[in-house]
Amino acid sequence: MALNPYFNNYTYAPTQNLIEDIVLESIKQYGIEVYYIPKKFNKLDKMFGEDILQEYKNVFKIEMYLENFAAMGGEREIISKFGLEIKDEFSLIVSKKRFEYEANKLPVMDSRPVQIESPMMGDLIYFPFTKGLFEIKYVDNKHIFYQKGKIYTYKVDCELYKYSYERFNTGIDDVDDIEKNLVNGIDVDSDGVPDYSQRNIGLDDSQYIQDKTSGIIDFSEKDPFSEGNY
């Protein structure tokens with residue numbers, strides 16, 4: 001039996017607009033304010049989909065709803081063959097209408113096939129109150145499947161950002177300093193906070209260790225461990 005022709009559940013614009021306004025208002029009331037930073041490609045290899053001159057330049061502020069306020073998800077802190085890795089993850093929900101409105105204020109990016117209309121994998125999200133920088137790993141535009149026949153939100157899954165020689169020119173000092181600190185040899189933790197241990201000072205590890213321990217342990221072949229006591 002076909003659907004009842006006297007009820008319109010999927011194309012009635014007033015109901016769709018009402019739901020969209022409620023969703024937008026809810027995110028504005030219970031969400032958090034973040035900076036959205038789209039990726040800009042300067043030398044894109046269309047065959048392999050890679051760019052050695054990736055840049056983060058444009059930015060806009062928008063409200064998003066944090067799906068889980070209890071704690072970060074993902075594998076968290078794990079020990080791998082590369083040492084300690086922090087893989088904090090979380091999901092954010094953003095209004096489709098609000099995102100398109102803010103994104104349309106940006107200049108058209110020739111490196112993208114179209115003007116920014118939706119979140120994309122590889123774009124970044126910056127949290128001002130924690131100074132954390134996160135990368136979008138997946139975008140789900142159908143996590144609420146056509147309620148009343150329309151999509152109202154995007155859900156983005158994010159992971160702690162790992163620097164890989166991208167250029168930053170966003171105008172946000174805390175974000176741009178990530179690149180500056182790494183170029184100057186200052187290690188940056190996975191949460192974006194500089195670690196002034198100065199691990200990369202231009203010397204190899206062995207020479208660095210010897211210089212730091214010269215007054216503690218004698219590394220000569222004659223008396224390597226006794227510190228001159230024998």
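A polar contact is a pair of N or O atoms within 3.5 Å; within protein, one of the two must be able to donate a hydrogen and the other to accept it, and residues adjacent in sequence count only if both atoms are side-chain atoms. Keep that in mind for the start of helix α2, where a side-chain oxygen of S95 comes to within 3.4 Å of the backbone nitrogen of K97.

Before you click around, know that this is a predicted model, in which local features need pLDDT of at least 70, side-chain atom pairs count only at pLDDT 80 or more, and totals for chains, interfaces and linings use all residues. Residues are numbered from 1 along each chain as its sequence is written, and side-chain values use heavy atoms, with hydrogens and water left out.

**Stop 1: the whole chain**

Show the cartoon. You should find 4 helices and 14 strands. These are DSSP runs (helices: H or I, at least four residues; strands: E, at least two), numbered from the N terminus. Of the 230 residues, 34% are buried. Buried means under 20% relative accessible area, exposed means over 50%, and partly exposed is in between (1.4 Å probe, protein chains only).

Now switch on the surface. The chain exposes about 15200 Å², and carbon and sulfur atoms supply 53% of that. The areas come from the Shrake-Rupley method with a 1.4 Å probe, and for residues only the protein chains shown count as cover.

How much of the contact total comes from residues 24 or more positions apart? They account for 58% of the contacts with a separation of 6 or more. A contact here means heavy atoms within 4.5 Å.

**Stop 2: the cores**

Select L92 and I125. They have the most contacts inside the largest nonpolar core, which has 22 residues. Such a core is a set of buried Ala, Val, Leu, Ile, Met, Phe, Trp, Tyr and Cys residues joined through side-chain atoms within 4.5 Å. The elements giving two or more residues to this core are β1 (32–37), β6 (60–66), β8 (83–95), α2 (96–103), β9 (124–127), β10 (132–140) and β11 (153–160).

There is also a second, separate core of 10 residues; among them are Y56, L124, L133 and I172.

Go back to L92 and show what surrounds it. Apart from neighbours within four places in sequence, L92 is in contact with I32, M64, Y65, L66, I125, F127, Y154, K155, V156 and C158.

**Stop 3: helix α1**

Select residues 13–30. At 1.5 Å a residue, the 18 residues of α1 should span 26 Å, and its end C-alpha atoms are 26 Å apart, which agrees. The expected span is 1.5 Å times one less than the number of residues.

Which residues of α1 are buried? Colour Q16, I19, E20, L24 and I27. Looking down the axis, these buried residues fall within an arc of 130°, so they line one face of the helix. The arc is that of the directions from the helix axis to the C-beta atoms. On the other side of α1, L18, E25, Q29 and Y30 are exposed.

**Stop 4: S95 and helix α2**

Pick S95, in strand β8. With 3% relative accessibility, S95 counts as buried. A polar atom of its side chain is also 3.3 Å from the backbone nitrogen of R98. Leaving out neighbours within four places in sequence, S95 is in contact with L24, I27, Y152 and T153. Two of these, L24 and I27, are among the buried residues of α1.

Next, move along α2 and colour its buried residues, R98, F99, E102 and A103. They cover an arc of only 125° around the axis, which puts them on the same side of α2.

**Stop 5: T170**

Select T170, in the loop between β12 (167–168) and α3 (173–183). Is T170 buried or exposed? At 9% relative accessibility, T170 counts as buried. The side chain of T170 makes a polar contact with the side chain of D176 (2.9 Å), and one of its polar atoms lies 3.1 Å from the backbone nitrogen of I172.

**Stop 6: N8 and K148**

Finish with N8, in the segment before α1. Its side chain makes a polar contact with the side chain of T11 (2.8 Å). Now add K148: N8 and K148 are 140 residues apart in sequence but 9.0 Å apart in space, C-alpha to C-alpha. K148 sits in the loop between β10 and β11, and it has a positive phi of about 55° although it is not a glycine. Y146 is in the loop between β10 and β11 too, with phi near 50°.
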